[in-house]
Amino acid sequence: ENLTTGQSMTITRTYVVGDAIEINSARNQVFVNGTEVDFTGIIPKCVPGANKMQVTITSTGTYTVDLFLEYFDRYT
């Protein structure tokens, strides 16, 4: 979820240690471990330096989440 814009998406699945989520907003695609998966909602738009992103996990247990955002200017 982008707390700045209110846009959010949901990926519903059972995750295991080491799962990697890749979101390609330019192509409106989401991958888990390299395999395209379905999602609901809208992929949040990200503006470098102007966003507050949030990850929500709905489950029991202890989790570690690493976020990495890579921005490519499509016009350069």
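Helices (H or I, at least four residues) and strands (E, at least two) are DSSP runs, numbered from the N terminus. This is a predicted model, in which local features need pLDDT of at least 70 and side-chain atom pairs count only at pLDDT 80 or more, while totals for chains, interfaces and linings use all residues. Residues are numbered from 1 along each chain as its sequence is written, and side-chain values use heavy atoms, with hydrogens and water left out.

**View 1. The protein chain has 5 strands and 0 helices.** Read from the N terminus, its elements are β-β-β-β-β. Along the principal axes, the C-alpha atoms fill a box of roughly 40 × 25 × 20 Å. Of the 76 residues, 12% are buried (under 20% relative accessible area, 1.4 Å probe, protein chains only).

**View 2. M53, V55, I57, Y63, V65 and L67 make a nonpolar surface patch of about 560 Å².** Patch residues have over 30% relative accessible area and no salt bridge (a side-chain nitrogen of Lys or Arg within 4 Å of a carboxyl oxygen of Asp or Glu), and nonpolar side chains (Val, Leu, Ile, Met, Phe, Trp, Tyr) are joined within 5 Å, like charges within 9 Å. M53 lies in the segment after β5 (40-41). With a relative accessible area of 38%, M53 is partly exposed (between the buried limit of 20% and the exposed limit of 50%).

**View 3. R13 sits over the face of Y15.** The distance from R13 to the ring centre is 5.4 Å; the criterion is NZ of Lys or CZ of Arg within 6 Å of the ring centre and within 35 degrees of the ring normal.

Terms used. Accessible areas come from the Shrake-Rupley method with a 1.4 Å probe; for residues, only the protein chains shown count as cover.
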